[in-house]
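Open the model in your viewer and keep the selection tool at hand. Each stop below says what to select and what is there.

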Amino acid sequence: MSSTELPSVPPASVLPKVTAVRVAEGERLRSVGLPGVTLAVRSRPPVREGLQPALYVHGLGGSSQNWSALMALLDGVVASEAVDLPGFGDSPPPDDGNYSITAHARAVIRYLDAAQRGPVHLFGNSLGGAVSTRVAAVRPDLVRTLTLVSPALPELRVQRTAVPTGLVGLPGVAALFSRLTREWTAEQRVRGVTALCYGDPGRVSPEAFRHAVEELERRLQLPYFWDAMTRTTRGLLSAYTLGGQHGLWRQAERVLAPTLLVYGGRDQLVGIRMAQRAARAFPDSRLLTLPDAGHVAMMEYPETVATAFRDLVAETAAATDTARG
């Protein structure tokens, strides 16, 4: 191992005990063992039988908690579950240490195959948007509709505000950043992330901010925290360089599912200029742009995103009925 690499982390079986992950009212959290990975799955009990299933995939540094507000608003529309990707939230690192987009997509596919819940309404934000795009392209049988909030698809001209996040994937940078910011409090770190991800950080309630601080304090105790961040960032950047049929834009063109694209006008990580390119790439797409939203519209404007998704479901159901004659 070179001096620029992060140290190896202990296996999940000997990881230290840390504070329990927060589970909001009406939610459940369980652990699902799969080949090579163990996933934490957050869910809301369906309000009635017969609801179509939905699965939500978070972004870089996020967790299934990022979807709690939207999931609650979609009670009665879908049966919601959200995963913590390997190494994030309450999911331990993958057995093989592989944090590539393909590996994350494989984990999602393994869960859907094991749970036999497909086809699902698949949601993805940022990194989760790239992962969900790949899932929808390679396993169309598992995806009923696709909703992408600021998906992390390759940009030729990356916004300057997104550069520091990408630098985390370079060898040694995460370790250096960790040393330089050792004295930062979890509150300071959360304020920085909120300023980066929200169009208007003032929309974060004091309670939500306190919960975010508590969650970050918990994660900073995990020995694999920076390793998961670094390797996943590196995996995302590597996916950007892939060409041919494995390129993310090429895979977007192969998605068969009706797709809802949500972009924020104040997004500092995914440029709003990518919205039109995405709308052209996904064959059956509809576009929602929110001028005042940042990178996590499902957290800033959950009601608006929920309404757009309901419209997508109704439109898809009507099209299906028409096709059946």
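Contact here means heavy atoms within 4.5 Å. The model is predicted.

**Stop 1: P140**

Select P140, in the loop between α3 (127-138) and β6 (143-149). Neighbours within four places in sequence aside, P140 is in contact with V135 and L256. Now add V255. Its C-alpha lies 7.1 Å from that of P140, although 115 residues separate the two in sequence. Is P140 buried or exposed? Neither: its relative accessible area is 36%, so P140 is partly exposed.

**Stop 2: R139 and D113**

Step back to R139, in the same loop between α3 and β6. Its side chain meets that of D113 in a salt bridge, 3.0 Å from N to O. The pair links distant parts of the chain, 26 residues apart, with D113 in helix α2. Both ends are partly exposed: D113 at 37% relative accessibility, R139 at 23%.

**Stop 3: helix α2**

Select residues 101-115. This is α2, with 15 residues. From first C-alpha to last it reaches 21 Å, close to the 21 Å expected at 1.5 Å a residue. Colour its buried residues: I101, A103, H104, A105, A107, V108, I109, Y111 and L112. Then move to Q116, just after α2, which takes a positive phi of about 50°.

**Stop 4: α6 against α7**

Show helix α6 (residues 186-197) and helix α7 (residues 206-220). How do they cross? Their axes come within 9 Å, at roughly 115°. The crossing is right-handed. On α6, pick A186, E187, R189, V190 and R191; on α7, pick F209, A212, V213, L216, E217 and L220. These residues make the contact. By class, the contact has seven nonpolar, no polar and four charged residues.

**Stop 5: D90 and R218**

Stay on α7 and select R218, then add D90. The two form a salt bridge, with the closest N and O atoms 3.9 Å apart. D90 sits in the loop between β4 and α2, 128 residues from R218 in sequence. R218 is buried, at 2% relative accessibility. D90 is partly exposed, at 38%.

**Stop 6: R44 and D75**

The structure holds 16 salt bridges. One of them joins the side chains of R44 and D75, at 2.9 Å from N to O. R44 lies in the loop between β2 (37-43) and β3 (52-57), and D75 in the loop between α1 (68-73) and β4 (78-84), so the pair ties together parts 31 residues apart in sequence. R44 is buried at 14% relative accessible area, whereas D75 is partly exposed at 29%.

Terms used
Residues numbered from 1 in each chain as written. Predicted model: local features only at pLDDT ≥ 70, side-chain atom pairs only at ≥ 80, totals over all residues. Heavy atoms only, no water. Helix = DSSP H or I, 4+ residues; strand = E, 2+ residues; numbered from the N terminus. Expected span 1.5 Å × (residues − 1). Buried < 20%, exposed > 50% of the residue type's maximum accessible area, 1.4 Å probe, protein only. Axes fitted to C-alpha atoms, helices over the stretch in contact; angles between N-to-C directions. Left-handed = near helix turned anticlockwise from the far one by under 90°. Nonpolar A, V, L, I, M, F, W, Y, C, P; charged D, E, K, R; others polar. Salt bridge = Lys/Arg side-chain N within 4 Å of Asp/Glu carboxyl O.
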